[in-house]
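Let's take a walk through this structure together. Keep the viewer open as you read.

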Amino acid sequence: MVTHEPAPKIACRNVYKIFGANPQNARELVDAGKTKAEILRETGMTVGVCDASLEIREGEIFVVMGLSGSGKSTLVRLLNRLIEPTFGAVEIEGTDITGMTPRELIQLRRQRMAMVFQSFALLPHRTVLDNAAFGLEIAGIDKASRYERARKAIETVGLGANSDSYPGELSGGMKQRVGLARALSNDPAIMLMDEAFSALDPLIRTEMQDELLRIQRETPRTIVFISHDLDEAMRIGDRIAVMESGRIVQVATPQEIVTNPANDYVRSFFKGVDVSRVFTAGDICSRDILPERAVDGADAAAQPANDTAAVLLDTARNYAGMTANGANGAEPLAAATPLSEMLHVVANAPHPVPVVDPAGHYLGAVSQRTLLQTLDRTR
Amino acid sequence: MDALKNLELPIGPVVEGVVDWIQDNFEPLLDGIAAAVGFVTDNLEWLFLTIPPVVFALIVVAIGLVRVGWRFALFAAVALFVVMGMDLWAETVSTMSLVIAASLFAMGVGFPIGIAMAKNNLVEAVVRPILDLMQTMPPFVYLIPAAMFFGLGKVPGAIATVIFAMPPAVRLTNLGIRQVSEEHVEAGLAFGCTPRQLLFKVQLPLAKPTIMAGVNQTIMLALSMVVIASMIGAGGLGNTVLTGINRLNIGMGFEGGLGVVILAIILDRITQSFGETGRARSSLLRRAVAALGNRVPGTGAVPAQAPAAKRAAE
């Protein structure tokens, strides 16, 4: 499988952010392996982000996770230069933005990127419509067309009935919908979301995550999402970067991070995660569990039942049935089934359960043993 | 000890020297200031006195009704009737025009200084002690240079008032802009604001309640100073009070004082009402519009639906 890797939408190359008088000095200390706390004690300088390198692909939701103070909010602000990087390069669509003039930077922010904030940052003296049209107004777009685009964005986030309300009249979830509409009205290629749903209560938060995923399905954008919420990261992230005291310690898919954490910090961080929601049948099935037997489609049912279970595959490697006592024609699991929904099937089956992809191809099987090993997070 | 007794710091003579020097070298500038302040003050007074008292009173009551509420409007009607009854209408209007003119100049100078303070820490470090000095200096002291530079009459009175009333406008403009939350500023910048757009579309609107509190204080200070400025011939209600004092005429002094109080309350409440933002203000006009809108299907649907939609979203 040779795929040509497209150029990353956003790339950070050895980016540092050091707050203090003599950053070169602090950088040397960082590179010499000193910790953030030691540098603060010795020099009084704060290391926000150190030696961050990452590539974010077009169209993915890239979650940056970490505890407060780990530098994740600083990192996202380096991407649109709300905070100036001290060293290193930040490339947006292949252009290094650290060398941009103020005018070029303003154009970039107006046309390519938008941002959503934790505490919404809506303007209380403007209506929902005027808040949503803010970015367009700043960019100098005339009233009629900016209202038209803002209205569309408000419809997208489901606030059509409230476009003349003021932010003070809305609930928290609705306010963040306005924040989202303000970002969407620019039709940006890149959205930066800084703890966008962290201030909302859990039910509304889940609702907003679904909303974001729906919008993302309809019009894919490159989204950088900052979060400290494990379940949120697992739920919406295509890939996750874990930060610890200014450093990026791992960048991987949710499944990879859980199965193969880079270090003890990441492992302990993800210990509490609900694996039954992270993994699907396709993730854990294995071809080694059941012997395979090729058959002609027609006589699958005619195979003799015996004590050793095996899967029957037709010539196109499609699942055709199983041989096991009382298991003829057993229903296979779809690859996308999350663990939480397949527990009872596997637990009640007298034999390993086969897994197929949407086209009917056989992928492997899940035994009670593999399931328990996956759920066992103590190792 | 003797040395200390004999020591005399020539602060008074130095200030005198500075005043003389300014008078000698900046005469055209001083004349220009006097002409500008005089022009605005005279025309405002002329305008206010040209409007028949009853019409003027009705306008004030109407503004009170729309901006503040019916209780205040009722108070204003009674209070203005009392002023006319005391035969102090001309004095009151004269004082009011002086207050408004001086406040306009104080804001015109104060807002830019306040904005510069908010944007630049060095400017703040320089201006802050000057403001402290201005605010602790007894108001009478301003009368002396004003009289020396501009003679006697309304114009020096107005100029002394401008200087005395300016600090709150500067201070609260600075404070209001600095109080705007970091995220709001970041939001403005993240969507591509230029520094000017950030100021006018984000910082100043969000600072407006604080700035309006400064405007309110400026007007109140201007009113108190205008009364004092009657000592250098600014006229108006202050003159009535001053005459009352000079003649030991308690009744006359009280009438003048009552006029000042009435003017203070009316100016205070009306300017305060401009500090409230959005729909937080529940004025009669807005409520009337909303009530009308609710009765006409289709036009006023938003206020009625908002709470329901809010519940649905939760």
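How many Å should the 15 residues of helix α4 (residues 53–67) of chain B span, and how far apart are its end C-alpha atoms? The expected span of a helix is 1.5 Å times one less than its number of residues, so the 15 residues of α4 of chain B should cover 21 Å, and the end C-alpha atoms are indeed 21 Å apart. Helices here are DSSP runs of H or I with at least four residues, strands are runs of E with at least two, and both are numbered from the N terminus.

Before going further, some ground rules. This is a predicted model, in which local features need pLDDT of at least 70, side-chain atom pairs count only at pLDDT 80 or more, and totals for chains, interfaces and linings use all residues. Residues are numbered from 1 along each chain as its sequence is written, while chains are lettered from A and ligands numbered from 1 in the order in which they are written.

Back to that helix. In α4(B), B:V61, B:G64 and B:R67 are buried, where buried means that 20 or more other C-beta atoms lie within 10 Å of the residue's own (exposed is 12 or fewer, partly exposed is in between, and C-beta atoms are placed from the backbone). B:V61, B:G64 and B:R67 cover an arc of only 145 degrees around the axis, so they sit on the same side of α4(B); the arc is that of the directions from the helix axis to the C-beta atoms. An α-helix has 3.6 residues a turn, so residues three or four places apart point the same way. On the other side of α4(B) you'll find B:V54, B:V55, B:I59 and B:A62, which are exposed. The cover over the buried residues includes α5 (70–85) and α13 (250–273) of chain B. After α4(B) comes B:G69, with a positive phi near 155 degrees.

Now zoom out. Chain B has 15 helices and zero strands, and 34% of its 314 residues are buried. Chain A has 16 helices and 16 strands, with 45% of its 379 residues buried. The C-alpha atoms of chain A fill a box of roughly 75 × 55 × 40 Å along the principal axes.

What about the nonpolar core? That term means a set of buried Ala, Val, Leu, Ile, Met, Phe, Trp, Tyr and Cys residues joined through C-beta atoms within 7 Å. The largest one has 175 residues, and A:V224, B:A102, B:A222 and B:V226 touch the most other members. Leaving out residues up to four places away in sequence, B:V226 touches several residues, including B:L98, B:A102, B:T161 and B:G238; touching, or contact, means C-beta atoms, placed from the backbone, within 7 Å.

Two residues in chain A have a backbone worth a look. A:N14, in strand β1 (residues 10–19), has a positive phi near 45 degrees without being a glycine, and A:N14 is exposed, with 12 other C-beta atoms within 10 Å. A:F120 isn't a glycine either, yet its phi is positive at about 75 degrees. A:F120 lies in the loop between β6 (113–116) and α5 (128–132) of chain A and is buried, with 24 C-beta neighbours inside 10 Å.

Finally, confidence. The model scores ipTM 0.81 and pTM 0.79. The mean pLDDT of chain B (the predictor's confidence in each residue, from 0 to 100) is 85, and 87% of its residues reach 70 or more. Over residues 295–314 of chain B, though, pLDDT is below 50. Where pLDDT is low, the predicted coordinates should not be read in detail.

Methods: Two residues are in contact if their C-beta atoms, placed from the backbone, lie within 7 Å.
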